[in-house]
Amino acid sequence: MSTRRELPLTATHLVRDNCLCLHVQRAARGLARRFDDVFRPLDLTHGQFSLLMSLNRPEPPTIGSVAALLAMDRTTLTAALKPLERRALVKVSIDKEDRRSRRLMITAAGRALLAKAFPLWRETHALIDRLITGCRPNDLRAALQKLS
């Protein structure tokens, strides 16, 4: 006789149908695939696009500030930067005011790539906004921001 307690199938269905984490992860994977497909001709992933876009500012940000913006830990961000550095799209330099800190600078080649990628992002994003039904896309974005 088994002493193992088993959950009924109804519990599995309850999680399948109601788990926000599951549904957000599934949606995120679907969105990521869609953007990866769009950016593939540029040899760019959706994550690389977001990372490059986060560097598109007047002053080079620190690794810590970019990690916080992208909700990544510093180690993961450092690994994500490596292919962009190899392609000379990003330059990592020592912060002049705090030598322990690193600054991230998008290069001219990185800016040129972003200029090609942005219209693809805008077109794809407009299509996704049209696919969202049952709520306004801005309401969905606001709800997701509250969770992050």
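Arg 99 sits in the loop between β1 and β2. In this predicted model, is Arg 99 buried or exposed? With a relative accessibility of 62%, Arg 99 counts as exposed, because the cut-off for that label is over 50%. Now look along the chain to Val 24, which is 75 residues away from Arg 99 in sequence. The C-alpha atoms of these two residues are 39 Å apart.

Stay in that loop for a moment. Asp 95 lies there too, between β1 (90-94) and β2 (102-106), and so does Ser 101. Both of these get the other label: Asp 95 is buried, and Ser 101 is buried as well. The reasoning is simple: buried means under 20% relative accessible area, so 7% puts Asp 95 in that class, and 16% does so for Ser 101.

Here are the three loop residues side by side.

| Residue | Relative accessible area | Label |
|---|---|---|
| Asp 95 | 7% | buried |
| Ser 101 | 16% | buried |
| Arg 99 | 62% | exposed |

What does the side chain of Asp 95 reach at 2.9 Å? It's the backbone nitrogen of Glu 97. The side chain of Asp 95 also joins the side chain of Arg 103 through a polar contact of 3.0 Å. If you skip residues up to four places away in sequence, Asp 95 touches Thr 62, Ser 101, Arg 102 and Arg 103. Do the same kind of skipping for Ser 101, and you find Thr 62, Ser 93, Ile 94 and Asp 95 in contact with it. So Thr 62 turns up in the list for Asp 95 and again in the list for Ser 101.

Next, a pair of helices. Two packed helices are described by the angle between their axes and the distance between the axes. Helix α2 (residues 20-39) packs against helix α6 (residues 108-131) at an angle of about 145°, and their axes are 10 Å apart. Their crossing is right-handed. From α2, the contact uses Leu 31, Arg 34, Phe 35, Val 38 and Phe 39. From α6, the residues taking part include Trp 121, His 125 and Ile 128. What kinds of residues make up this contact? They divide into 10 nonpolar, 2 polar and 1 charged.

Finally, how confident is the prediction? The mean pLDDT of the chain is 93, with 98% of its residues at 70 or more. Confidence is highest in helix α3 (residues 46-54), at a mean of 97, and lowest in helix α7 (residues 137-147), at 88.

Definitions and conventions:
Residues are numbered from 1 along each chain as its sequence is written. This is a predicted model: local features need pLDDT of at least 70, side-chain atom pairs count only at pLDDT 80 or more; totals for chains, interfaces and linings use all residues. Side-chain values use heavy atoms; hydrogens and water are left out. Axes are lines fitted to C-alpha atoms, for helices over the stretch in contact, and angles run from 0 to 180 degrees between N-to-C directions. Helices (H or I, at least four residues) and strands (E, at least two) are DSSP runs, numbered from the N terminus. A crossing is left-handed if the near helix is turned anticlockwise from the far one by less than a right angle, and right-handed if clockwise. Contact means heavy atoms within 4.5 Å. Ala, Val, Leu, Ile, Met, Phe, Trp, Tyr, Cys and Pro count as nonpolar, Asp, Glu, Lys and Arg as charged, and the others, Gly among them, as polar. Buried means under 20% relative accessible area, exposed over 50%, partly exposed in between (1.4 Å probe, protein chains only). A polar contact is a pair of N or O atoms within 3.5 Å; within protein, one must be able to donate a hydrogen and the other to accept it, and residues adjacent in sequence count only if both atoms are side-chain atoms. pLDDT is the predictor's confidence in each residue, from 0 to 100.
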